[in-house]
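The following account walks through side-chain contacts, beginning with aromatic rings and ending with charged groups.

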Amino acid sequence: MPSKKRRRKEERPKIHPKNKYSDNPPDFALLASLYPTFKPFVFYTREGRPRIDWTDFNATRELTRVLLLHDHNLHWWIPDGQLCPTVPNRSNYIHWIEDLLSSHIIPRDNSNEDNVRGFDIGTGANCIYPLLGASLLGWSFVASDMTDVAIEWAERNVKNNPNISELIEIRKVKCSQNTLSSEGLSVESSYSEEREGLPSSSLDMPAGEDKSYNGPSILVDVVRDGETFDFCMCNPPFFESFEEAGLNPRTSCGGTYEEMVCPGGEKAFITRIIEDSVVLKQSFRWYTSMVGRKVNLKFLVSKLRQVGVTVVKTTEFVQGKTCRWGLAWSFVPPATKIVTPHVTEKNILSFMLEGIQRQFGAIHVLRSVESFFLAGGASCKLNASSFVVDITASADHCNALLNNDVKHIDEVASCSNVQEAPSNLCFRILVFQQIPGTLLVKGSLQHRDSALSGLFSSIVQQLEASLRQKFCKEKTGTNYI
């Protein structure tokens, strides 16, 4: 009887390696012994493991308070009903932005690399991102919100931490009329259907999905004239109704209507951020947002391709059984010079090619991969039986690939003689048939210690764009860092 092949269990993304809790998750027993106010919320299983009731808002709020105090020396509190953030998950987002900034994919205009300035969209009463960003990394922030309660408590949380208070500005968003409130009342909107530089039809939702954001300003009219930022970040209202927001019986993190809900949910809200970014363009090096549903991620990436961004990046945030996705984009032209990476890059990157036209298969894509790198002058060894191309590229080859400075194939026929010098970038590209019309392309870095390894992600991104343009009916995709 033939033995059944074991399916490889897909490895889930882990907590960010720079996250304080990646190797040392919160110790409830220790925290209970140190903080008497937390002790009543801790109970023990039959196996003696300390636990808290995640459906108890008071328990989750007290856990957040003691973690911020114990691990970050931050004094913090929020009133009943406000959204209570989880510290490890929010730290993941901060460290991902740190990776984006450190990767130098998008260059900085000024020479002061240490003066990082961020914009937190909808900071809430908790003001968690500015507090973490300022305390962990010394970043400065403008933190915006629309409700009086959020502004009052965000300011309290900043003032209660005088060591970082000068780094954080809380900015009230003017509530124009026609803002949909929890009572469902609606008055005149501050947004017109057409704004300067952005036709109203440019980001139309598909039929049946035309729910558009009709709330207060997000970036346009909140960012002041002449202001520039390294990034913006956002934990958007994920849901279309308050009933939908309460469907998860396993957790209780609170949250007001304004924090949790907007017509059209996160898709409409983030689409408005994309629209604002088209107007503000290079006022931000990076625009980013958290995304709660993977199905919305693909939709939003396709919108970004439509408006002509220069770079799109995504990632996955994991905390326990909860998954969220990060989406980042920029209008700044990518850096073309070779830089030494300041962050640890992934040595395996992959992307899906969907909607491949019928006349093309894996071998066609494989040969196109070879042609792409040969045209940049790199050395290529193709193994058609294994669907693998091994590539060795020098600094000049990397620059040519990133600058689209390619040559005709017949001009680079001799490039297979390039030697694998320590300074070269060596990697392998594999092509896998998934289902008809869908291929998985995987790149693996062979030598992580190369001075050029920081360019691996950008080169794979260029390859992806080239393959999509040639083979796919829908030229949308996702890049990972």
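In this predicted model, phenylalanine 141 is buried because its relative accessibility is 2%, and the cut-off for buried is under 20%. Phenylalanine 231 is also counted as buried, at 0% relative accessibility. A search of the whole structure gives 19 aromatic pairs. Phenylalanine 141 and phenylalanine 231 make up one of these pairs, with 5.7 Å between ring centres and 80° between the planes, an edge-to-face arrangement. This pair links distant parts of the chain: phenylalanine 141 belongs to strand β4 (residues 140-145) and phenylalanine 231 to strand β6 (residues 229-234), with their positions 90 residues apart in the sequence.

A stacked pair is formed by tyrosine 287 and tryptophan 329, whose ring centres are 5.8 Å apart and whose planes differ by 15°. The angle counts as stacked because planes under 30 degrees apart fall in that class. Here too distant parts of the chain are linked, since tyrosine 287 is in strand β7 (residues 284-291) and tryptophan 329 is in strand β9 (residues 322-330), 42 residues apart. Tyrosine 287 is buried, at a relative accessible area of 0%, and tryptophan 329 is buried as well, at 0% relative accessibility. Both residues belong to a cluster that ring pairs build from Phe119, Phe229, Phe284, Tyr287, Trp329 and Phe331.

Aromatic rings also meet charged side chains. Arginine 156 sits over the face of tryptophan 153, 4.2 Å from the ring centre. Lysine 267 is placed over the face of phenylalanine 299, at 4.4 Å from the ring centre.

Turning to pairs of opposite charge, the structure contains 14 salt bridges. One of them joins the side chains of lysine 18 and aspartate 99, at 3.7 Å from N to O. Lysine 18 is in the segment before α1 (28-34), while aspartate 99 is in helix α3 (residues 87-102), so this salt bridge ties together parts that lie 81 residues apart in sequence. Lysine 18 is partly exposed, with a relative accessible area of 37%, whereas aspartate 99 is buried at 14%.

Another salt bridge connects glutamate 227 with arginine 117, and the closest N and O atoms are 3.2 Å apart. Glutamate 227 comes from the loop between β5 (168-172) and β6, and arginine 117 from strand β3 (residues 117-121), so parts 110 residues apart in sequence are tied together. Glutamate 227 counts as buried, at 12% relative accessibility. Arginine 117 counts as partly exposed, at 25%.

What does the salt bridge between aspartate 148 and lysine 172 tie together? Aspartate 148 is part of helix α5 (residues 148-159) and lysine 172 is part of strand β5, so the bridge joins parts that are 24 residues apart in sequence. The distance from N to O in this bridge is 2.8 Å. Aspartate 148 is exposed, at 58% relative accessibility, because over 50% counts as exposed. Lysine 172 is partly exposed, at 40%.

Some salt bridges share partners, and through them Arg117, Glu169, Arg171, Arg224 and Glu227 are joined into one network. The bridge between glutamate 227 and arginine 117 was described above, and both of these residues are members of this network.

Definitions and conventions
Residues numbered from 1 in each chain as written. Predicted model: local features only at pLDDT ≥ 70, side-chain atom pairs only at ≥ 80, totals over all residues. Heavy atoms only, no water. Phe/Tyr/Trp six-rings, centres within 6.5 Å; stacked < 30°, edge-to-face > 60°. Helix = DSSP H or I, 4+ residues; strand = E, 2+ residues; numbered from the N terminus. Buried < 20%, exposed > 50% of the residue type's maximum accessible area, 1.4 Å probe, protein only. Lys NZ or Arg CZ within 6 Å of the ring centre and 35° of its normal. Salt bridge = Lys/Arg side-chain N within 4 Å of Asp/Glu carboxyl O.
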